Protein chains: 2
Amino acid sequence: MKRKADQAVDPGVTVVTARSRAPAGSTERKRLTPDERERLIAKEAVSFFAKHGFEGQTRELAKQIGITQPLLYRYFPNKEALIERVYQEVFVGRWNPLWEEWIEDRSRPLQDRLATFYKDYARTILSYEWVRLFMFSGLKGLDFNARYLGLLRDRVFVRVARELRHAYGQPTLDELPMTETEAETIWGLHAAIYYVGVRRWIYGLPVPDDLDGLITGKIAAFLGGVSAVVGKGELHRGISNN
Amino acid sequence: MKRKADQAVDPGVTVVTARSRAPAGSTERKRLTPDERERLIAKEAVSFFAKHGFEGQTRELAKQIGITQPLLYRYFPNKEALIERVYQEVFVGRWNPLWEEWIEDRSRPLQDRLATFYKDYARTILSYEWVRLFMFSGLKGLDFNARYLGLLRDRVFVRVARELRHAYGQPTLDELPMTETEAETIWGLHAAIYYVGVRRWIYGLPVPDDLDGLITGKIAAFLGGVSAVVGKGELHRGISNN
DNA sequence: ATGTTAATTTATCGTTTGATCACTATTTGG
DNA sequence: CCAAATAGTGATCAAACGATAAATTAACAT
């Protein structure tokens, strides 16, 4: 879940810096170091814009942080820069480079690798902040989402396709580039998982508790479908209608 | 696609009402009947809010329509009422009651019924306006989306589940209520289709041309998966591992 | 303690935005 | 052809909003 020692500062309760003496559970909250303050603002901006969208007002954000609105402008030149920081924080900062390694670790069965990857990836992207910020960003109309998903395609989809080809003894991606059908199949798996987050955090609907179980099931169905189409079934119990 | 004689008025070119004489291809656009004007505003509001979100400004909307901003307030008491009208127009007005009948028409094979329904339903909900307005609405935080999806559940999901039970000789929904697994499976099909619209209209990504083909494929995979789990396969070529 | 540095606040500016009202001008009935 | 009815506009208000600058006050070094 947490990747770096990035949890920084806990707001709300009195912040005890290296320099300040603790003034006993008071509500004072003044004079953090620039570094602490900036991280605190960034952290609160993530939660704030995830809730209210990027048109949320800086005054309200400041109130949530417990500071005055002009202070925001000491740490960020304008609102747009603050939003840019939110993008970095969530979409760049929460990417785990290990994901790519997990998928192509052929010492493990493919189904296990996919399950491991998707469970962990889902824990990251199926959060209130990730789901909503990504959607707000998409609706805003910039090309950010397209760029992110291009990266997802290059780093994840291509690897999954490659491993599927390998597992089922198909031509390599060099010999035959990923087909639209393959891409759509992988999109389908991705959609099924991501949509759980949309239902939960955007539509406000209840979703199954056992997310890991759901993912395991989706992956099994995914591989079952692939194996049925490919006409081989080494991975699962055989279907072989060929 | 079009359900009623609801296309109303074509803006842009001079509107020729029953009463007005055509002033030759001029750019005049004044004095519609209240009925025409209201419908025109509603129609433009749909496209405007779908593009800019509900925080889009009334002045900009007025400019798109080619009227002054105060005129909006002659036909709608405030912005919120205009937005409410947009909801009615798109989410209520575009619902086709026949959908429910198609699903439960047992004179046809289930796969055909599902394909017919989902192709037509997809044509409705996979539009720029529907996809984006639904997402804007969800992010806004009202319970509208939850209510709509509750309706979708009652009118569609329940019927699909009932027909599946019937097709595979399972207990009726009265005997055994829809299980979470069944609901999730249907959600999965729904998600796979709807997400194509999200990719297209929110992320701005290219999607396959052949939507009907994609839907047919998803339904085949859906039924294949169901039949595999249920352990029967009258519908498809048999798998029967039981 | 005391002065210096700078983190934070108070006050405020210029726009934007939803909404209102008085006025204009087009249509229609007699 | 004229006058009542009303669709539509111009002017403007009050609150909201991003941003700036001057005043304040907390922290640290001496």
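I started at the interface: 28 residues of chain B are in contact with 28 residues of chain A. Note to self: this is a predicted model.

Next I pulled the area. About 2900 Å² is buried between chain B and chain A, with carbon and sulfur atoms giving 65% of that. I then asked which three residues of chain B supply more of the area it buries against chain A than any other three. They turn out to be Leu139(B), Tyr195(B) and Tyr203(B), which together supply 24%.

On to the charged and polar pairs. I get two salt bridges between chain B and chain A. One I looked up joins the side chains of Arg199(B) and Glu184(A), at 2.8 Å from N to O. For polar contact, the count between the two chains is four residue pairs, both residues at pLDDT 80 or more.

Which helices of chain B each supply at least two residues of the side that touches chain A? I find helix 7 (128-140), helix 8 (144-167), helix 9 (180-201) and helix 10 (211-230). Helix 9 of chain B gives the largest share, 10 residues. Sorting that side of chain B by class, I have 16 nonpolar, seven charged and five polar residues.

Then I turned to chain A by itself. I see 10 helices and zero strands there, so to speak a plain run of α from the N terminus on. Of its 242 residues, 46% count as buried. I also checked contacts in chain A with a separation of 6 or more: 65% of them come from residues 24 or more positions apart. Last entry: the accessible surface of chain A comes to about 12600 Å², and 51% of it belongs to carbon and sulfur atoms.

How values were computed:
Residues are numbered from 1 along each chain as its sequence is written. Chains are lettered from A and ligands numbered from 1 in the order in which they are written. This is a predicted model: local features need pLDDT of at least 70, side-chain atom pairs count only at pLDDT 80 or more; totals for chains, interfaces and linings use all residues. Side-chain values use heavy atoms; hydrogens and water are left out. Helices (H or I, at least four residues) and strands (E, at least two) are DSSP runs, numbered from the N terminus. Buried means under 20% relative accessible area, exposed over 50%, partly exposed in between (1.4 Å probe, protein chains only). Contact means heavy atoms within 4.5 Å. Accessible areas come from the Shrake-Rupley method with a 1.4 Å probe; for residues, only the protein chains shown count as cover. Buried area is the accessible area (1.4 Å probe) that two parts lose on being put together, summed over both. A salt bridge is a side-chain nitrogen of Lys or Arg within 4 Å of a carboxyl oxygen of Asp or Glu. A polar contact is a pair of N or O atoms within 3.5 Å; within protein, one must be able to donate a hydrogen and the other to accept it, and residues adjacent in sequence count only if both atoms are side-chain atoms. Ala, Val, Leu, Ile, Met, Phe, Trp, Tyr, Cys and Pro count as nonpolar, Asp, Glu, Lys and Arg as charged, and the others, Gly among them, as polar.
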